[in-house]
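Visitor: I'm new to this one, and I'd like a close look at a single part rather than a quick tour of everything. Please pick a part and walk me through it slowly.

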Protein chains: 2
Amino acid sequence: MSSAVFDFGAERVELAHGAGGRSMADLIDGLFKRHLANAWLDRGEDSAVLDRPRGRIAVTTDSYVISPFVFPGGDIGSLAVHGTINDLAMVGARPRALTAGFILEEGLALTDLDRIAASMAAAAVGAGVAVVSGDTKVVERGKGDGLFITTTGLGEIAPGVELAIDRIAVGDAVIVSGTLGDHGVAVMSRRAGIAFETEILSDSAPLHDLVATMLEAVPDLRALRDPTRGGVAATLNEIAAARGIAIELQADRLPVREGVKGACELLGLDPLYVANEGKLVAFCPPDAADVLVAAMRAHPLGRDACVMGSVMDGPPGLVELETGFGGRRVVDWLAGDQLPRIC
Amino acid sequence: MSSAVFDFGAERVELAHGAGGRSMADLIDGLFKRHLANAWLDRGEDSAVLDRPRGRIAVTTDSYVISPFVFPGGDIGSLAVHGTINDLAMVGARPRALTAGFILEEGLALTDLDRIAASMAAAAVGAGVAVVSGDTKVVERGKGDGLFITTTGLGEIAPGVELAIDRIAVGDAVIVSGTLGDHGVAVMSRRAGIAFETEILSDSAPLHDLVATMLEAVPDLRALRDPTRGGVAATLNEIAAARGIAIELQADRLPVREGVKGACELLGLDPLYVANEGKLVAFCPPDAADVLVAAMRAHPLGRDACVMGSVMDGPPGLVELETGFGGRRVVDWLAGDQLPRIC
């Protein structure tokens, strides 16, 4: 895995690379397999065959259409690995295998594709998981946008692990693993038309190991969610609506970097609505909150963890922010389209 | 599942449908879940959790970018179910779950999307499998092409079933399950710029049940492949190259419908290179060929099954067609891009 990135010169993706003939075989062997090689891919069968899992399995799919496809702190390749692993981690699953479907636009530079495959391979190795099966399609120039990647994750859930929003109860502490909005701000800072200077990097990272640490510290953990598109606001609204509960957040506890605050003011955004790709929101029994936060802070991906709010007894679906001195405001669903193509 | 298709009037996909807010939740609840509802989707978790499988599992992913996305005999929704089930079936797996990632172009008519979700649901019900997890992204007008769907299939493989191209041996019979090129011709007949009249329908169909029948008749079956992009020619070249064997086909045995022959002449195509979506190529020991063909012909999806050739002792990688009266021609890899976006 993670062989050197090639300079393909001016070579670009052509329609023939997706047509099932020799060009496609050459692209798969010379680029994808060079980076992602493993026993399953090398067999060259239509499906990868995995040994019988040791327990229940988790499965999840996400399509990645992020623009631009390279951004401070990552690219679409590493994001497509981390994002999907995180969806597995949110139900307590250890990632076991990934698959990847590539939709390439005619004209994409092969050197760019090579770099992204290398980044994907490095992210997969870093998370201890292999891309066991894949597919490549090519669409005509102007019918795509560089590349889109859809990854599916398969994970195994250990006996006794039961994370689900059904388990959330009134009084639960609402904990966040770190600073809000880093990913969204990093991506927006490179976007055509609104580019600005910032030192903020995407927080894109795989969270399964942090989750394992959390489950060890607090086996009674209720539920986890990663606040990606729509940020913490969308995630909490979704949960509050689905469970018919209310959630109250403390404004002064929300961890937000100065650079993110500044960029959000500049762009007219609220960090609560901005996407994260290496953070999670946890619900746990109130008496376990201190133990959980301490365990999270001892992990490199949870250093800024804190209790940011709690679950209240209604009104059903309400998410509210306590702003200090008795002030409150509703944290509503995102109405329009704040940040398109952020993941 | 498969609730009535709605008339959404002139409503179209907007960027907000992919932004993680209320519009997205409304699209998922009001359209996708209405058709595809099942216990896993309804839980609304980031990953679906499945019981421990009874054996080895197969996993496969394909992205579907077919143009046009509705064609005679199917649409991108049914195709995305059948095509992925077939990749599972080719390693002898029974489909157990599907996931779906949708990449929608801003401006897609909601009525079209609704119809495709309904078709996907009907195909899934028909094959006895549920879409357990999904994702929706929206890209700006001109950055996509209506919709792309990536499906991943999970299947279970019964103990003792071992289908793999490694097992192919010299002397094996090469069997095809039915007529060649129906899917490719049906799609091309509706393509802008070359539309023509034909009664040919896509052969899009799920093959797992035919495979189960075949395995029952000939447990010693060696390997299966579904000849999609690049047709039978690409599939056999891939196998011949990977295994260092030669394959000889008999021209007079290739089953091709009259309508496909005519269309291929019109378009300057060879049916051997045209995509199929409901056919398979099987390799089996020569003494089992008659039993296998008889079992296939008794199944609705194998009525036109026949032996079309055999595996020879080299030259490695050669696929040859015996054209009668001692004539032979090489069936080479597809050089250029014969039929882009055929699946």
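Guide: Here is a walk along chain B, from the side that touches chain A to the strands and salt bridges of chain B itself.

Some housekeeping comes before the walk. This is a predicted model, where local features need pLDDT of at least 70 and side-chain atom pairs count only at pLDDT 80 or more, while totals for chains, interfaces and linings use all residues. Residues are numbered from 1 along each chain as its sequence is written, chains are lettered from A and ligands numbered from 1 in the order in which they are written, and side-chain values use heavy atoms, with hydrogens and water left out.

Let's start where the two chains meet. On the chain B side, 76 residues are in contact with 76 residues of chain A (contact means heavy atoms within 4.5 Å). Together the two chains bury about 6,200 Å² (accessible area, taken with a 1.4 Å probe, that two parts lose on being put together, summed over both). Carbon and sulfur atoms give 54% of that area. Within chain B, the residues that lose the most area to chain A are Asp46(B), Arg52(B) and Arg229(B), which together make up 11% of what that side buries.

Charges meet across the gap too. Twelve salt bridges run between chain B and chain A (a side-chain nitrogen of Lys or Arg within 4 Å of a carboxyl oxygen of Asp or Glu). One of them pairs Asp62(A) with Lys137(B), with the closest N and O atoms 3.9 Å apart. Both belong to a network of salt bridges that also links Arg229(A) and Asp135(B). Then there are 32 residue pairs in polar contact between the two chains, both residues at pLDDT 80 or more (a pair of N or O atoms within 3.5 Å; within protein, one must be able to donate a hydrogen and the other to accept it, and residues adjacent in sequence count only if both atoms are side-chain atoms).

Which elements of chain B give two or more residues to this side? They are α1 (22-36), β1 (48-50), β2 (56-64), α3 (76-89), β5 (93-105), β6 (130-139) and β7 (147-157) (helices, H or I with at least four residues, and strands, E with at least two, are DSSP runs numbered from the N terminus). The residues on this side divide into 33 nonpolar, 21 polar and 22 charged (Ala, Val, Leu, Ile, Met, Phe, Trp, Tyr, Cys and Pro are nonpolar, Asp, Glu, Lys and Arg charged, the others, Gly among them, polar).

Strands cross the boundary as well. Strand β2 of chain A, residues 56-64, runs antiparallel to β1(B), joined by three bridges (two strands pair if DSSP finds at least two bridges between them). There, Ile57(A) has Leu50(B) as its bridge partner.

Now step into chain B, to β5(B). Eleven of its 13 residues are buried, so this strand is largely enclosed by the rest of the structure (buried means under 20% relative accessible area, exposed over 50%, partly exposed in between; 1.4 Å probe, protein chains only). With β7(B) it runs antiparallel over eleven bridges, and Ala97(B) stands opposite Leu154(B). With β6(B) it pairs in the parallel sense over nine bridges, where Leu104(B) stands opposite Val138(B).

Have a look at Thr84(B), in helix α3 of chain B. Thr84(B) is buried, at 0% relative accessible area, and its side chain makes a polar contact of 2.7 Å with the side chain of Thr151(B). Beyond its neighbours within four places in sequence, Thr84(B) is in contact with residues including Thr60(B), Tyr64(B), Leu98(B) and Gly153(B).

Last, some salt bridges inside chain B. Arg34(B) and Asp114(B) meet at 2.7 Å, N to O; this pair links helix α1 with helix α4 (residues 110-127), 80 residues apart. Arg34(B) and Asp114(B) are both buried. Another bridge joins Glu162(B) and Arg56(B), with the closest N and O atoms 3.1 Å apart. Glu162(B) sits in the loop between β7 and β8 (173-176) and Arg56(B) in strand β2, so the pair ties together parts that are 106 residues apart in sequence. Glu162(B) is partly exposed at 46%, whereas Arg56(B) counts as buried at 18%. A third example is Asp112(B) with Arg115(B), at 3.8 Å, N to O. Those two lie three residues apart in helix α4, about one turn of the helix.
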